[in-house]
Amino acid sequence: MRPFARTALTLAALTLAACASTLGPPRPAPQPATGWTEAGASLKSVGLGLPGGAVLAPGVRFAGGVEIVADPTSPLHSLSDLKLTGGGGLVTVSDVGDLVRARLRLDHAGRLVGLDGFQTRRLTLADGAPITEKADGDAEGLAFTASGDLLVSFERDHRIWNYGPLDALSTRPRAMRIPAFPFTENDGIEGLATAPGGWRAAGESGGVWDCDPARCTTVTPPSDTPIPDSEYRITGLDRDPARDGWMVVQRRYRPPLDARAHVRRMAADGTLGPVLIELKLPGTTDNFEGIAAETRDGRTRLYILSDDNFNPMQRTLLLAFDLD
């Protein structure tokens, strides 16, 4: 998680305001799941902003965008990662330890036009007590194991915990294997995704590892000098449904105005492919930290999510893209 300078956010907010239209409140969940609480919000439709901002590679198409607007005390803020749960469902997690579920609303053409059924619950500590401190709840990554268990990565107190199936979450999570690397306090495992035999973890300031219950193997070693905020850093990771690899979202910020995001493919050996999506001013941009991928109508559908850092000058955005 990294806050942007106020000047950059002000310009971004003006760009978004010029391109957004109100959608009204989400539809409620038919029946909140046990242990979950409904959360209220309003929605705005969001485009890619002014010309010269978004740059899409050939074969990439924008497929709709939504801004989530919630009260300052709502748990629908500072959302750091997301994964799809099938049947139009998604789950995301916040920097303070809240888990959020919702359902995608698509129009007849399959474009993202809203989100419905927001439900939240507090993640728990190993002893079953709800997380109450930021240092304990700074969740940054999500992944589902092959058996369907939900993994959550945290920074500050660096760890990956297994909370069991989403529909029957355990209040006493199990610690999972993490890379034997001295992550600094606020530069932990931002990218987390399923991998053959286990899970893949990516550090925000560098390094990619493939882990299983027994060990973590280095795929890309961290550099001697950590990657700074002024260069592209991996902030989200998901399995590529179309080939042997992963989809990656990266973030870069250079004061006072240059806030950007990249979406790229990652090969099995950690090599990053060409930029598929670039978001920057004067187009729609923010602090993008989450990515999820699925196959839809023969194409790869991507969703990327921004973390507003509980800052009123930032936005919680969910953008959709289709790749041929």
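**Exercise 1.** Count the cavities of 30 Å³ or more in this model, and state which residues line the largest cavity.

*Solution.* The count comes to three cavities of 30 Å³ or more, where a cavity is a set of points, on a 1 Å grid over the protein atoms alone, at which a 1.4 Å probe fits but cannot get out. The model is a predicted one, in which local features need pLDDT of at least 70, side-chain atom pairs count only at pLDDT 80 or more, and totals for chains, interfaces and linings use all residues. Residues are numbered from 1 along each chain as its sequence is written, and side-chain values use heavy atoms, without hydrogens and water.

The largest cavity holds about 60 Å³ of space, a volume being the space filled by probe spheres set on the points, which are joined across faces, edges and corners. Its lining residues, those with an atom within 4 Å of a point, are Ile68, Leu79, Leu82, Leu90, Thr92, Val100, Ala102, Leu115, Phe118, Leu305 and Leu318.

**Exercise 2.** Determine how the lining of the largest cavity divides into nonpolar, polar and charged residues, and do likewise for the second largest cavity.

*Solution.* For the largest cavity, the lining has 10 nonpolar residues, one polar and no charged; Ala, Val, Leu, Ile, Met, Phe, Trp, Tyr, Cys and Pro count as nonpolar, Asp, Glu, Lys and Arg as charged, and the others, Gly among them, as polar.

The second largest cavity, with about 40 Å³ of space, is lined by Arg121, Arg122, Leu123, Thr124, Tyr163, Leu169, Ser170 and Thr171. That lining divides into three nonpolar, three polar and two charged residues.

Conventions:
On a 1 Å grid over the protein atoms alone, a cavity is a set of points where a 1.4 Å probe fits but cannot get out, and a pocket is an open set with protein on both sides within 12 Å along at least five of seven lines; lining residues have an atom within 4 Å of a point.
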